[in-house]
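Let's take a friendly walk through this structure together. Have the sequence and the 3D view side by side, and follow along from strand to strand.

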Amino acid sequence: MNPQEEILVRLQLLEDGVAIVRIDRPDAKNALNAIVRQQLAEHFRALSTHADVRAIVLTGGESCFVAGADIREFAQASPIEMYRRHTEYLWEAISRCPKPVIAAVNGFALGGGCELAMHCDIIVAGESARFGQPEVKLGLMPGAGGTQRLVRAVGKFQAMRIALTGCMVKAPEALAIGMVSEVVSDANTLTRAIELATEIAALPPLAVAQIKEVMLAGADLPLESALALERKAFQLLFDSRDQKEGAAAFFEKRKASFQGE
């Protein structure tokens, strides 16, 4: 990171293997500009191989997650300019992170903000949260997974309604259609996300990583191929010390101590 560059994404390492990545650009409602995207990617690349981090919480402000992309950066851009930016490589740092990622969403998660939340594995939404893909109102369409991840999450008919109208989806409705994992009070959003991350971080890291990898990889495979992938990962875990420790702790009626080995 350039030492002169403004810090717009902050990292906090907690005890118990949890990291918090916080977007901190409140003057622009946490809009995703080039610096935010780059700093997010740098943090996620580092956390992917951080030995002491087992789960990650991604959040924005108390009143706004991410209001969208920074329109000023692309309003007059040409197709070749947009191509050369290769923002897909920055998004991939999040989508390919092997650690579980939990989004804590309060306020607006629109456009790129909604897509950012959908890059995560679990979404905890505050009661104030509003999700949407309003790109169509700018003569555009979602370009960072907002059509593909959304349709996989909520199905064709809800995804079409959201993307074609650019409507905002309130947290209770988002929960009902499968767009988020939980809805809690605004004051409890980050606390609940950290609680979930801490719970996951206490579990065997190899098993957690395999569950995430197989779920994501198998989602687009034919069922028989996905089941074969699942079986191989299941069998592989029997070579881990954590599996033996988990079984021993169960029989000895004690708390297991998982080392990620």
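V105 stands opposite A125 in strand β7. In this predicted model, that position belongs to the pairing of β5 with β7 (residues 122–126), two strands that run parallel and are joined by four bridges. Now turn to β3 (residues 55–59), which also runs parallel to β5 and is joined to β5 by four bridges. Here you can pick out I56, whose bridge partner in β5 is V101.

Stay with β5 a little longer. This strand spans residues 101–105, and five of its five residues are buried. Which way do they point? V101, A103 and V105 point one way from β5, while I102 and A104 point the other way, and all are buried. In soluble globular proteins, nonpolar side chains tend to be buried together.

That brings us to the cores. The largest nonpolar core has 46 residues, and V105 is among those that touch the most other members, along with L40, F44, L58, L116, F131 and M179. Helix α1 (residues 34–48) gives the most to this core, with five residues. There is also a second, separate core of 15 residues, and I102 belongs to that one, as do V124, V184 and L196. If you colour V105 and I102 in your viewer, you have one residue from each core, and the two point opposite ways from β5.

Next, look for an open sheet of four strands, ordered β4-β6-β8-β9 and mixed in its pairing. Its edge strands are β4 (64–66) and β9 (168–170), each of which pairs on one side only. On average, neighbouring strands of this sheet are turned by 20° against each other, direction ignored. At one edge, β4 pairs with β6 (residues 108–110) in the parallel sense over two bridges. To find your place there, look for C64, which stands opposite F108 in β6.

Finally, move along to a pair of helices. How do α9 and α10 pack? Helix α9 (residues 205–218) and helix α10 (residues 223–236) meet at an angle of about 170°, with their axes 9 Å apart. That angle makes α9 roughly antiparallel to α10. From α9, the residues Q210, V214, A217 and G218 meet A226, L229, E230, A233 and L236 of α10. Sorted by type, the residues of this contact are six nonpolar, two polar and one charged.

Terms used: Residues numbered from 1 in each chain as written. Predicted model: local features only at pLDDT ≥ 70, side-chain atom pairs only at ≥ 80, totals over all residues. Heavy atoms only, no water. Axes fitted to C-alpha atoms, helices over the stretch in contact; angles between N-to-C directions. Parallel < 35°, antiparallel > 145°, perpendicular 65-115°, else oblique. Contact = heavy atoms within 4.5 Å. Nonpolar A, V, L, I, M, F, W, Y, C, P; charged D, E, K, R; others polar. Core = buried A, V, L, I, M, F, W, Y, C linked by side-chain atoms within 4.5 Å. Buried < 20%, exposed > 50% of the residue type's maximum accessible area, 1.4 Å probe, protein only. Pairing = 2+ DSSP bridges.
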